[in-house]
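Subject: A structure to look through

Dear colleague,

I am handing over the structure below, and I would be grateful if you opened it beside this message and followed the description step by step.

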Amino acid sequence: MCGIIGFTGNEPVKDILIDGLAQLEYRGYDSAGIALMDKKDGIILKKKTGKVAELREAAEGLNCDATCGIGHTRWATHGGVTDINAHPHRVGKVVLIHNGIIENYRELIKEYGLKNSLKSETDTEVVAALLDKFYEGNPKKTIKEVVSKLAGSFALCIMFEDVPEKIYAIRNVSPMVAAESDRGSIIASDLTALIPFSKEYFVVPEYHILTMYKDSIKVEDLKGNTVIPEKLTVNWDINSAKKGGYPYFMLKEIHEQPEALERTVAPRVKDGLPFLKEDGIDDEVFKDITGISVIACGTAMHAGLVGKAAIESMLRIPVNVEIASEFRYKDPIIDEKTLTIVLSQSGETIDTLEALRLAQRKGSKVLSIVNVKGSTIARESDYVLYTHAGPEIAVASTKAYTVQISAMYLLLCKIGLVKGILSTDDARKFIKNLEGAGEIIEKTLGMANNIEQIANHIKNATDLFYIGRGIDYTMSLEASLKLKEISYIHAEAYAAGELKHGTIALISENVPVIAIATEKDVYSKVISNIKEVKSRGAYVILVSTDDELNDSSICDKQIRIPETEKYFSVFATAVVLQLIAYYTSDAKGLDVDKPRNLAKSVTVE
């Protein structure tokens, strides 16, 4: 979950590294550091706990002309948040940065007598010590020998003090991308750091050694064979990864949802019907399936729950939604007639990746919905449906969530057509509603001022509850996650009908309850549940399509969303709930984009 950057070229590297780390701040971190390869003084290290801005200030006194170096932002796993534990780590002639987890680092310390070489508490320094122990002047030979002894995930960028102007890299699971440019060769954990240099890049293949020169990058497998990696092209520019006048990325990304939906849906519609052949997804994929297993984590899992509700209701096909970290440690009931749908914004989520592999071993075909082209999950899936949300910088996911729902809806419609469950006319009507989702969001965004006022009222709450039924309960789960992760208010989601089975005991005077009531079939039931909490002193905020403003026995505040067809109110509801979380966090004076203890991409267990 760390940020990695390395550069070797023909211009001073210090500011390139620090600027690159600033581009990667959104990934989450608690310390940062750089290592410069100086012609006169050898390797120079500067690392510090805190923000990249503090590292920049600390590095101002480094007056060197180094044109080769590596940088890192660390999110603590092994060892506390200290300067010593920050990366890069140096042992002897070796300096390196690392993303991932070395699972057998204790065994390596004991087996190779490394204890006296170590100064930090990290698993990373163990790799540096092992490289230094085996190093006899041949970097690639040493790297091959050492990685064969490592258990776990890793993305390593390595410099050897006696091999000037070169950087070596190798990975297993943990992501890295690289690019060549007229300024030099660059490697990073994320595309956002590469964009200022080149729009062409490649994903570093697993267990291949990269040798980065000033003007080129050589890729070799572990047998020494040269490999030409597939070049990919970034389909967004650096301005997409800037705030563009918004105070926070999260607010910008909330407002970008109509365009993100358009980019995701429009290319997959032909003659008013879902068209997936250009994605390499043929109708045969869906013909014989008898069940669907959706695997995801966090917000992506909540998008899967929305898809489950719609698919089961409209197609009568059973759908299981599994938390990836649980799925991979049980014996799931899936087979060759199960379609496994994997949802991941980054395409690198480690638990989701391992769950994907388990599903394939069970004989299931895997279709992934991801936002990052060439990511590990995309490459290992049998089929890929790319969302086109563009870069999502804020830790709290917004536009990735709604485009994942839209992708699930595209699949619903296609499966229904292929299996003869939906008529052509029904499918066209469904797709027309999906194409109109962006307009629904635009209308909802116009309510921002009203939502901001509500957020100012709830900002001092210590507890908050969301209630709803059916798909509204599913939306409540995502809403409570959003509020928790960026406002630090304890928030829980409950099925409204379950209140009398225990949870209503938590309701006390003025505790905020956000009730979602868009499902016509159970609307009256939800209103009854709302009255139950209102009569016990709750401060009720109602999100619905009906006007209940004049009935104080139901709600204190109401957010009335646009009327739409069933299953499409989720887009308006999502925006309302995202804005509530955003404005609450902002009203509390918190860093909306970088909540404490969290990282954007979870690439370690």
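A good place to begin is helix α19, which lies across the strands β22, β24, β25 and β26 and runs at about 165° to β24. Please keep in mind throughout that this is a predicted model.

The strands under that helix belong to an open sheet of five strands, whose order is β23-β22-β24-β25-β26 and whose pairing is parallel. At its edges are β23 (490-495) and β26 (557-560), each of which pairs on one side only. From one strand to the next the twist averages 20°. If you would like to see one pairing in detail, take β25 (residues 539-544), which is joined to β26 in the parallel sense over four bridges; there, Ile541 has Lys557 of β26 as its bridge partner. Helix α16 (residues 448-458) also packs on this sheet, where it touches β22 (463-468), β24 (512-517), β25 and β26, and its direction makes about 145° with that of β26.

As background for both sheets in this message, strands of a sheet pair through backbone hydrogen bonds, and they do so either parallel or antiparallel.

The other sheet to look for is an open one of eight strands with antiparallel pairing, in the order β3-β2-β4-β1-β10-β9-β11-β14. Here the edge strands are β3 (42-49) and β14 (232-233), and each of them pairs on one side only. Strand β11 (residues 200-203) pairs with β14 in the antiparallel sense over two bridges, and within this pairing the bridge partner of Glu200 is Thr233 in β14.

Next come the cavities. Rolling a probe the size of a water molecule over the atoms shows where empty space is left. Counting cavities of 30 Å³ or more gives two, and the second largest cavity has a volume of about 50 Å³. Which residues line the second largest cavity? They are Tyr401, Met475, Glu478, Ala479, Lys482, Ala574, Leu577 and Gln578, and they divide into five nonpolar, one polar and two charged. Helices α17 (471-487) and α19 (569-587) each supply at least two residues of this lining, with α17 giving the most, namely four residues. Helix α19 therefore appears in this message both as a helix lying across strands of the parallel sheet and as a contributor to the lining of this cavity, where a cavity is a space in which the probe fits but cannot get out.

Two details of the backbone also deserve a careful look. Most residues other than glycine have a negative phi, and most peptide bonds are trans. The peptide bond from His87 to Pro88, however, is cis, with omega near 0°, and Pro88 lies in the loop between β4 (68-74) and β5 (89-91). Glu165, a residue other than glycine, has a positive phi, near 65°, and is found in the loop between β7 (152-160) and β8 (167-172).

Finally, you may want to step back to the chain as a whole, whose secondary structure comes to 19 helices and 26 strands. Its radius of gyration is 25 Å, which is close to the 25 Å that the globule rule gives for 605 residues, so the chain is as compact as a globular protein of that length. Taken along the principal axes, the C-alpha atoms fill a box of roughly 75 × 55 × 45 Å.

With best wishes

Terms used: Residues numbered from 1 in each chain as written. Predicted model: local features only at pLDDT ≥ 70, side-chain atom pairs only at ≥ 80, totals over all residues. Heavy atoms only, no water. 1 Å grid on protein atoms, 1.4 Å probe; cavity = no way out; pocket = protein on both sides within 12 Å on 5 of 7 lines; lining within 4 Å. Points joined across faces, edges and corners; volume = space filled by probe spheres on them. Nonpolar A, V, L, I, M, F, W, Y, C, P; charged D, E, K, R; others polar. Pairing = 2+ DSSP bridges. Axes fitted to C-alpha atoms, helices over the stretch in contact; angles between N-to-C directions. Contact = heavy atoms within 4.5 Å. Rg over C-alpha atoms; globule rule 2.2 N^0.38 Å.
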